[in-house]
2 protein chains.
Amino acid sequence: MSRPAAKVTIREVAERAQVAISTVSHAFSGSRPISQATRERVLRAAAELGYDPNPSARSLRTGRSGIVGLVLRPRYAVTGTPDRAETFNRLVGSIATEMLRRKTGLIHVPDIDDPSVARVPMDGCIVAHPYGDDSVLTELTRRGIPVVTVEEDPERPGFPWAVRLDYPAVVTALLDHLREQGARRITLFTGTEDNAWNRRTRETYLAWSARRRRTPRVEVLSEGLTPDDAAAAVRPLLTGRSRPDAVIIATSDFAALVTRVAAAEGLRVPDDLMVASLTDTEHSRTASPPITAMDLNHEKLAEHAVELMLARLSGAGNPGNHWSSPRCCTCARPPGARDRPGRTVRRAGADRHAPIVDASITKR
Amino acid sequence: MSRPAAKVTIREVAERAQVAISTVSHAFSGSRPISQATRERVLRAAAELGYDPNPSARSLRTGRSGIVGLVLRPRYAVTGTPDRAETFNRLVGSIATEMLRRKTGLIHVPDIDDPSVARVPMDGCIVAHPYGDDSVLTELTRRGIPVVTVEEDPERPGFPWAVRLDYPAVVTALLDHLREQGARRITLFTGTEDNAWNRRTRETYLAWSARRRRTPRVEVLSEGLTPDDAAAAVRPLLTGRSRPDAVIIATSDFAALVTRVAAAEGLRVPDDLMVASLTDTEHSRTASPPITAMDLNHEKLAEHAVELMLARLSGAGNPGNHWSSPRCCTCARPPGARDRPGRTVRRAGADRHAPIVDASITKR
DNA sequence: CTGAAAGCGCTAACAG
DNA sequence: CTGTTAGCGCTTTCAG
């Protein structure tokens with residue numbers, strides 16, 4: 001019982017149970033008929049010795065580890081502000097929880113680009129928020145590791161194993177909301193991270209502006225800026241004769257910062273300046289004055305990404321065929337397509353795509 | 001370059017480079033002298049073939065995987081309320097971030113008790129918030145896997161590889177704060193989870209009550225209760241002639257709930273009833289009326305747990321000897337001991353213990 | 001400095 | 001139904 005924890009192998013179990021090692025193996029896996037008597041003898045011997053199968057040996061032999069990797073791409077997600085940490089934590093927590101439910105190991109993959117870092121045994125890998133033409137996707141593909149992404153790599157529009165967010169719908173709703181509140185000149189402060197989040201939101205903003213015959217105004221604000229630098233960059237853009245009466249700021253911590261800058265400039269929020277952000281965090285939820293925010297719905301993204309990964313690993317040839325939970329998704333809609341509110345559009349070939357998750361906006 | 005991602009082995013690299021496979025191995029590991037010419041030939045062959053060492057084969061051979069496991073014990077942390085999720089996410093996120101910094105793989109271990117679930121290759125395992133006489137600790141120890149815990153198993157007080165929280169100091173501070181605000185009858189609502197959090201806070205409450213010559217009043221509220229059941233259980237205890245003028249409720253979501261129950265009973269918070277919680281979440285931070293809360297300081301716990309784990313894996317015989325970051329810790333203080341504010345106590349043998357992290361309270 | 005060979009512990013043919 | 005055996009891909013002696 002309280003044996004000194006020496007690692008006991010299948011061979012010792014076989015000896016003690018007086019059977020061949022293959023019998024022990026099969027007694028556990030059930031992959032071939034074993035007489036009741038033998039099975040019991042084996043299991044008892046194993047229990048007495050405290051046998052525990054060596055996962056590396058098993059993986060080496062079978063070629064599978066039963067482990068899924070996770071890589072979170074955004075540079076500023078890990079280091080950085082509490083807001084970024086919150087976003088990171090929410091996604092990681094959701095994926096971990098979902099994997100736990102599925103009783104499958106999830107491993108945070110350390111530095112896939114650094115050759116000096118030890119490789120990790122994974123059957124597949126979830127890559128969250130990839131960049132355009134993402135190098136990690138390239139590398140994993142080269143290694144032959146099946147990948148599922150949370151949000152698409154914007155340079156790989158045809159990649160079918162991506163869970164997408166429906167940006168056009170939600171960003172349009174956000175813009176319409178601001179407009180209904182009286183906004184006439186909306187400036188978008190976008191980030192420098194080249195991912196779907198920045199790209200799609202910008203595209204949607206431009207398309208909306210064109211449709212509404214408004215002059216778009218896009219400013220770039222690096223996610224890596226210090227609060228002071230960000231404030232300094234934003235300040236001159238909030239004043240002057242053509243100043244905006246509403247701003248959309250990608251990162252929520254910068255959004256909170258903008259409200260302070262505005263106050264310092266004598267602008268009242270939201271009367272003189274409405275502020276909205278493209279990610280929802282505690283900051284945006286509790287800011288005073290209030291900040292309207294887009295919720296990326298990490299929990300749903302995670303749930304679907306995990307489901308998609310497991311489907312892919314169990315041999316699904318393409319995402320659509322084996323997809324089982326179209327609940328919150330509009331799977332029929334090809335990426336980029338927009339449908340009218342309340343209307344479901346079905347198109348040929350659409351079932352070859354992974355689902356699109358609905359984001360939402362919280363109006364404040 | 002864009003080879004069809006067939007897994008290439010060390011043998012093929014050896015063939016292409018016209019060397020023995022052991023030479024290839026050593027060319028990568030640098031564990032024996034290799035001539036410059038051969039090394040280059042090997043590395044080029046590897047690059048051309050897209051060689052990627054098989055981690056399972058390596059682990060099988062070396063006996064180490066370079067991966068650390070993570071198990072989060074509290075039953076209600078994963079499923080359950082948003083508050084629990086936040087607590088879970090914060091801890092998981094912090095540990096993941098810290099492990100990433102250390103370029104070491106972190107794996108969420110699925111269901112260690114369930115024999116049908118595939119084992120996972122880990123060199124060590126971090127167990128967060130273990131129960132008293134925790135079965136997972138027992139099992140891991142039996143398997144000979146080095147363990148570090150976040151908070152101690154209350155039934156294993158001598159276990160040195162535990163990062164502890166300084167409950168006496170912070171809970172006493174919390175009680176003193178309530179008392180200074182005028183609280184005369186403080187009731188503690190404790191949970192049913194048998195872990196350090198519940199035990200230590202209760203002990204401290206009882207000790208404080210004895211010291212202050214107050215009659216302690218402890219009520220038990222299972223963490224698994226639905227909000228409705230929790231409300232129903234709490235309601236009668238808030239009223240009556242000997243009703244408390246302050247309550248400390250372990251879980252913050254129940255704390256928020258108590259404020260609602262109190263309001264429904266016509267009690268004003270905090271005038272008629274002060275409310276404090278033993279964990280800090282967005283709920284407690286933003287509740288109105290305000291909730292004083294204890295912050296478990298997950299980030300620091302995580303940082304220290306990871307550091308301790310890596311120290312243990314690199315052969316540290318005991319925690320104290322290899323401990324390098326006593327910044328926020330009062331390592332000299334044996335578990336349970338209290339020192340006077342602003343005074344550092346050093347005791348013999350204290351360096352054999354892992355650090356004690358300071359929690360804090362946020363007064364609201 | 002390099003090669004040959006022995007396994008790490010397990011699974012999956014293939015024989016009985 | 002059970003036993004024997006050949007490796008999975010790698011590291012590490014031990015010889016040259």
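What is the handedness of the crossing of H6(A) and H13(A)? In this predicted model, the crossing of these two helices is right-handed. Helix H6 of chain A covers residues 82-101 and helix H13 of chain A covers residues 298-313; their axes come within 8 Å and cross at roughly 40°. H6(A) and H13(A) are therefore oblique to each other. From H6(A), the contact is made by Thr87(A), Arg90(A), Leu91(A), Ser94(A), Ile95(A), Glu98(A) and Met99(A). From H13(A), His298(A), Glu299(A), Ala302(A), Glu303(A) and Val306(A) take part. By class, the residues of this contact are five nonpolar, three polar and four charged.

**How the two chains are related**

A turn of 180° with a shift of 0.1 Å along the axis lays chain B on chain A with an RMSD of 0.1 Å. The two copies are thus related as by a two-fold rotation axis. In chain B, the C-alpha nearest this axis belongs to Ile107(B), at 2.0 Å. Of the interface residues of chain B, 100% are also interface residues in chain A, so the copies meet through the same surface.

**Helix H6 across the chains**

H6(A) also packs against helix H6 of chain B (residues 82-101), at an angle of about 100° and with the axes 8 Å apart. H6(A) and H6(B) are therefore roughly perpendicular to each other. Among the residues of H6(A) that meet H6(B) are Phe88(A), Asn89(A), Val92(A) and Gly93(A). Those of H6(B) include Phe88(B), Asn89(B), Val92(B) and Gly93(B). Arg90(A) and Ser94(A) belong to this contact, and both also belong to the contact with H13(A).

The two helix contacts are set out by residue class below.

| Contact | Nonpolar | Polar | Charged |
|---|---|---|---|
| H6(A) with H13(A) | five residues | three residues | four residues |
| H6(A) with H6(B) | six residues | eight residues | two residues |

**The sheet**

Strands from both chains form an open sheet of twelve strands with mixed pairing. The order is S11(A)-S5(A)-S4(A)-S3(A)-S1(A)-S2(A)-S2(B)-S1(B)-S3(B)-S4(B)-S5(B)-S11(B). Strand S11 (356-357) of chain A and strand S11 (356-357) of chain B stand at the edges with a single partner strand each, so one side of each has no neighbour in the sheet.

Within chain B, strand S1 (residues 67-72) and strand S2 (residues 105-108) run parallel and are joined by four bridges. Val68(B) has Leu106(B) in S2(B) as its bridge partner.

In chain A, helix H7 (residues 135-142) lies across strands S1 (67-72), S3 (124-128) and S4 (147-150), and runs at about 170° to S3(A).

Conventions:
Residues numbered from 1 in each chain as written. Chains lettered and ligands numbered in written order. Predicted model: local features only at pLDDT ≥ 70, side-chain atom pairs only at ≥ 80, totals over all residues. Heavy atoms only, no water. Axes fitted to C-alpha atoms, helices over the stretch in contact; angles between N-to-C directions. Parallel < 35°, antiparallel > 145°, perpendicular 65-115°, else oblique. Left-handed = near helix turned anticlockwise from the far one by under 90°. Contact = heavy atoms within 4.5 Å. Nonpolar A, V, L, I, M, F, W, Y, C, P; charged D, E, K, R; others polar. Least-squares fit on C-alpha atoms with pLDDT ≥ 70 in both. Pairing = 2+ DSSP bridges.
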